[in-house]
Amino acid sequence: MPPGTTLPMPRLTPATAANFVLAQVDRAFALDPYPDYAVLREHAPICRQPDGSQVLTRYADIREVLADAERYSSDKRIDFRPRFGDSPLYEHHTTSIVFNDPPTHTRVRRLLAPFFAARVLRQMEGSIATMVDRLLDRAAERGRIDIVSEFALVIPLNLIGDLLGVPFDEREPLQAWAQQILGALEPVRTPAQLADGNRAVEEFKAYLRDLIARKRRAPPGSRDIDVLWALIEASEGGDGLTELEILHNSIFMLNAGHDTTGALIANGVDLLFRHPDQAQRLREQPSLVKPAIEEMLRYESPLQIGNRRSTVATRIGDVDVPAGTFLHLVLASANRDEREFPQAEVFDIARAPNRHVAFAHGIHTCAGNSVARIEAAIAFSKLVQRFPRMTQVEPTRRPERSRFRVVEELLVDLNP
Ligand code: HEM
């Protein structure tokens with residue numbers, strides 16, 4: 001065996017559950033982690049890792065941790081120093097809203113909140129609908145498309161592009177930058193992934209600095225939605241974010257809103273192919289689109305794993321957790337927990353109630369959740385009604401990633 005190669009981990013059994021090591025998961029796990037998560041929930045719901053961290057897989061435990069930002073910190077300075085060293089990735093993650101605690105978190109969230117208000121979202125609905133119509137017109141001409149690259153990722157990319165005021169013809173590199181930065185967060189990653197992530201942060205920052213300089217020379221009109229410009233103006237008034245905070249939180253918004261929403265749409269299409277009865281139900285009852293999206297989020301959660309660190313000695317379930325323990329919160333497993341979701345393995349587009357944690361819970365609940373929900377509702381309403389006979393051409397391809405549940409390629413024939 002070549003040096004550095006690890007043997008693939010066998011699928012878990014009740015007897016081996018306690019030996020599960022998240023940092024060593026293999027390709028089979030990445031492609032279908034749910035059977036292993038089910039074993040963990042039953043037999044090792046708080047599973048100690050060789051580095052002292054704990055993997056949590058039950059809904060109640062995870063919700064309790066997410067709800068308590070005082071005892072469970074999101075500040076990643078301790079954890080990311082050894083992983084990323086003194087690097088662009090370290091600077092990026094530790095400056096982003098999601099990896100900070102109050103009061104920094106509160107300050108940034110308050111400044112971003114106006115962009116996610118109902119009025120702004122209503123304004124966005126029309127432009128999303130027009131964009132989706134255009135994409136589907138183009139797709140209809142081609143007949144056969146890749147749902148991922150030609151539909152699912154294009155919608156959030158353009159939406160975030162609009163939100164940040166990135167000119168249309170400058171959006172192409174955004175997708176690769178987002179993927180490279182997020183790829184470096186995987187539990188298992190190569191030195192090349194790390195180098196790509198660092199380079200992407202630097203290139204992205206340089207691009208945004210240039211964009212800000214151009215906006216300063218020609219400020220956008222007051223009716224345009226432009227988060228980047230609003231953040232710059234607020235910073236000039238003295239009570240806003242620093243330039244570095246603006247750069248990193250803009251990068252974070254793109255990353256947070258792009259891959260995840262693309263994954264929601266692509267996973268959703270995949271789920272409808274895997275459950276033709278539910279696809280038929282959605283075609284017959286278009287009003288089910290909203291609960292259908294909640295069920296897609298629950299069943300294939302785009303962000304599968306979140307993290308926290310205990311700030312004090314605490315007890316989770318029947319396990320004592322010392323202060324300073326790093327916690328892996330498997331949101332994807334919580335969302336399949338029978339204790340919360342009856343017949344959790346059944347994909348039911350009318351499921352109610354559906355209190356999933358795909359957008360987390362507590363003070364860090366996804367700030368863009370309404371945006372993602374609107375994008376997905378418009379995308380599915382139009383896709384399903386316009387192409388009722390759409391079929392899958394080849395099996396869905398997924399990359400080897402376990403923190404994010406994304407689709408690599410999903411080829412469909414729209415009018416077979
Ligand atoms: C289906 C799509 C999406 C999913 C599944 C998702 C998921 C999440 C999750 C789980 C968190 C919390 C992470 C944690 O606490 O550790 C989060 C935070 C966040 N998300 Fe999303 N997200 C999505 C789309 C979006 C979009 C479209 C935007 C912006 C336009 C966005 C912006 C944010 C922001 C700013 C935060 C940080 C909130 C905070 O720390 O207070 N997300 N997201």
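Which helix supplies the largest share of the lining of the largest cavity? Helix 13 does, with 8 residues. The legends below start from that cavity and the ligand inside it. The model is predicted.

**View 1. The largest cavity is the space taken by the ligand.**
The predicted model has 3 cavities of 30 Å³ or more. The largest cavity holds about 960 Å³ of space. Its lining counts 50 residues. Nearest the centre of the largest cavity lie V98, F252, A256, L303 and C366.

**View 2. Helices and a strand share the lining of the largest cavity.**
Several elements each supply at least two residues of this lining. Among them are helix 4 (77–84), helix 5 (88–95) and helix 6 (104–112). Helix 9 (154–164) and helix 10 (172–183) also belong to the group. So do helix 13 (243–274), strand 5 (305–310) and helix 17. The largest share, 8 residues, comes from helix 13. By class, the lining has 31 nonpolar, 13 polar and 6 charged residues.

**View 3. C366 is the only protein donor of the ligand's iron atom.**
The donor atom is SG of C366. The SG atom lies at 2.3 Å from the iron. Where along the chain does C366 lie? C366 is in the loop between helix 16 (331–334) and helix 17 (369–386). C366 is also one of the residues nearest the centre of the largest cavity.

**View 4. H105, R109 and R308 each place a polar side-chain atom by a ligand oxygen.**
An N or O atom in the H105 side chain is 2.6 Å from an oxygen atom of the ligand. For R109, a polar side-chain atom lies 2.7 Å from a ligand oxygen. The R308 side chain has an N or O atom 2.8 Å from an oxygen atom of the ligand. H105, R109 and R308 are among the residues that come nearest the ligand. H364 and C366 are in that group too.

**View 5. A shell of 26 residues surrounds the ligand.**
Which helix gives the most to this shell? Helix 13 does, with 6 residues. Helix 6 and helix 13 each supply at least two residues of the shell. The shell is made up of 18 nonpolar, 6 polar and 2 charged residues. Helix 13 also makes the largest contribution to the lining of the largest cavity.

**View 6. The largest pocket holds about 660 Å³ of space.**
The pocket is lined by 32 residues. E186, Q193, P399, E400 and R401 are the closest to its centre. Helix 1 (27–31), helix 10, helix 11 (191–217) and helix 13 each give at least two residues to the lining. Helix 13 provides the largest share here, with 4 residues. The lining divides into 14 nonpolar, 9 polar and 9 charged residues.

**View 7. The second largest pocket has a volume of about 500 Å³.**
Its lining has 20 residues. L135, R138, V154, N158 and F168 are the closest to the centre of the second largest pocket. Helix 7 (118–142), helix 8 (147–152), helix 9 and helix 10 are the elements that give two or more residues to this lining. Which of the helices gives the most to it? Helix 7 does, with 8 residues. By class, the lining of the second largest pocket has 7 nonpolar, 5 polar and 8 charged residues.

**View 8. Two cis peptide bonds end at prolines in loops.**
Most peptide bonds are trans. P102 and P103 are joined by a cis peptide bond, with omega about 5 degrees. P103 sits in the loop between helix 5 and helix 6. A cis peptide bond also joins A352 and P353. Here omega is about -5 degrees. P353 is found in the loop between helix 16 and helix 17.

**View 9. Q343 has a positive phi.**
Most residues other than glycine have a negative phi. Q343 is not a glycine, yet its phi is about 50 degrees. Which loop holds Q343? The loop between helix 16 and helix 17 does. The loop between these two helices also contains P353 and the iron donor C366.

Key: Residues are numbered from 1 along each chain as its sequence is written. This is a predicted model: local features need pLDDT of at least 70, side-chain atom pairs count only at pLDDT 80 or more; totals for chains, interfaces and linings use all residues. Side-chain values use heavy atoms; hydrogens and water are left out. Donors are N, O and S atoms within 2.8 Å of the metal (3.2 Å for Na, K and Ca); water is not among the atoms, so sites may look incomplete. On a 1 Å grid over the protein atoms alone, a cavity is a set of points where a 1.4 Å probe fits but cannot get out, and a pocket is an open set with protein on both sides within 12 Å along at least five of seven lines; lining residues have an atom within 4 Å of a point. Grid points are joined across faces, edges and corners, and a volume is the space filled by probe spheres set on the points. Ala, Val, Leu, Ile, Met, Phe, Trp, Tyr, Cys and Pro count as nonpolar, Asp, Glu, Lys and Arg as charged, and the others, Gly among them, as polar. A residue is near a molecule or strand if one of its heavy atoms lies within 4 Å of it. A polar contact is a pair of N or O atoms within 3.5 Å; within protein, one must be able to donate a hydrogen and the other to accept it, and residues adjacent in sequence count only if both atoms are side-chain atoms. A molecule sits in a cavity or pocket if more than half of its atoms lie within 2 Å of its grid points.
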